[in-house]
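Hello,

Here is the structure I promised to pass on to you. Please open it alongside this message, and the notes below should help you find your way around.

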Amino acid sequence: YFSEKIDLNELLRFGLQGAFFSIFCMTMYYSLINYFNLHYLIAYNVTAACTIVLSFITSKLFVFKDTHPGTKLQAFFYFIIQTSLYFLSNVLLFFLVSVMQINEMLAVVATGIAYSSLNFVLLRFGVFAKSKKHITKVN
């Protein structure tokens, strides 16, 4: 999977998508905590759920400009990756805030950086890989 080169335009579009969703997520997260008085983990989970759905659409159409017809299968793999990263990021966020006593706003930024880095690699070389052999062989 890693024999493909990273397209710098894809990386730039991923960065732009990431910047947009970072602002979206931080605004939503902040609002849910400060205006709706939700616990930081509940606010994080609501924000993540909204973002996962919207990011699949923008990743497929904008970031990777993917025209592969197996959208349902891609969505399934995307959901598996995002769900896994989502649970890992919850553990990391809990650890940073509750154990390390880091401010919840700084902790969510650190969690986002870790999430985004791993997410790009898994999406680029997995779900939206230019070579679809590993996705199309699933019957």
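Helices here are DSSP runs of H or I with at least four residues, numbered from the N terminus. Met100 is a handy place to use that numbering, as it is found in the loop between H3 and helix H4 (104-127). Please keep in mind that this is a predicted model.

**The overall picture**

The secondary structure of the protein comes to 5 helices and 0 strands. Read from the N terminus, the order of elements is α-α-α-α-α. The C-alpha trace spans about 45 × 25 × 25 Å along its principal axes. How does the radius of gyration of the protein sit beside that of a compact globule? For 139 residues, such a globule would come near 14 Å, and the protein has 16 Å, which agrees.

Of the 139 residues, 39% count as buried. Among contacts with a separation of 6 or more, 70% are made by residues 24 or more positions apart. The protein exposes about 8,400 Å², with carbon and sulfur atoms supplying 74% of that area. As for charge, there are 10 positive and 5 negative side chains, and the centres of the two sets lie 10 Å apart.

**The cysteines**

You may well want to know about disulfides before anything else at the bench. How many does the structure hold? The number is 0. Why does Cys25 not form one? The closest cysteine sulfur to that of Cys25 belongs to Cys50 and is 8.8 Å away, too far for a bond. A disulfide would need the two sulfur atoms within 2.5 Å. Looking from the other side, the sulfur of Cys50 has its closest cysteine sulfur in Cys25, again at 8.8 Å and too far for a bond.

Is Cys25 buried or exposed? Cys25 is buried, because its relative accessible area is 19% and the cut-off for buried is under 20%. Cys50 has 30% relative accessibility, so it counts as partly exposed.

**Two loop residues with positive phi**

Next, two backbone angles to look at. Asn37 is not a glycine, yet its phi is positive, near 55°. Where does Asn37 sit? Its place is in the loop between helix H1 (8-34) and helix H2 (40-63). With a relative accessible area of 66%, Asn37 is exposed.

Lys65 also has a positive phi without being a glycine, at about 45°. Lys65 belongs to the loop between H2 and helix H3 (71-99).

**Helix H3 and the loop after it**

Phe77 is found in helix H3. At a relative accessible area of 26%, Phe77 is partly exposed. Phe77 and Ala43 are 34 residues apart in sequence, and their C-alpha atoms are 25 Å apart in space.

Leu96 has its place in helix H3 too. Leu96 counts as buried, at 12% relative accessibility. Which residues does Leu96 touch, leaving aside its neighbours within four places in sequence? Leu96 is in contact with Gln101, Ile102, Ala107, Ala110 and Thr111. From Leu96 to Ala114 there are 18 residues in sequence and 13 Å in space, C-alpha to C-alpha.

That brings us back to Met100, in the loop between H3 and H4. Its relative accessible area of 46% makes Met100 partly exposed. Thr111, one of the contacts of Leu96, is 11 residues along the chain from Met100, and the C-alpha atoms of Met100 and Thr111 are separated by 13 Å.

**A glycine in helix H4**

Finally, have a look at Gly126, which lies in helix H4. Gly126 is buried, with a relative accessible area of 17%. Where along the sequence and in space does Gln74 stand from Gly126? The two are 52 residues apart in sequence, and their C-alpha atoms are 9.2 Å apart.

If you only have a few minutes, I would suggest looking at the pair of cysteines, Cys25 and Cys50, with their sulfurs 8.8 Å apart, and then at Leu96 with its contacts, including Ala107 and Ala110.

Happy browsing, and best wishes!

How values were computed. Residues are numbered from 1 along each chain as its sequence is written. This is a predicted model: local features need pLDDT of at least 70, side-chain atom pairs count only at pLDDT 80 or more; totals for chains, interfaces and linings use all residues. Side-chain values use heavy atoms; hydrogens and water are left out. Buried means under 20% relative accessible area, exposed over 50%, partly exposed in between (1.4 Å probe, protein chains only). The radius of gyration is taken over C-alpha atoms; the globule rule is 2.2 Å times the number of residues to the power 0.38. Contact means heavy atoms within 4.5 Å. Accessible areas come from the Shrake-Rupley method with a 1.4 Å probe; for residues, only the protein chains shown count as cover. Lys and Arg count as positive and Asp and Glu as negative; His and the chain ends are not counted. The place of a charge is taken as NZ of Lys, CZ of Arg, CG of Asp or CD of Glu.
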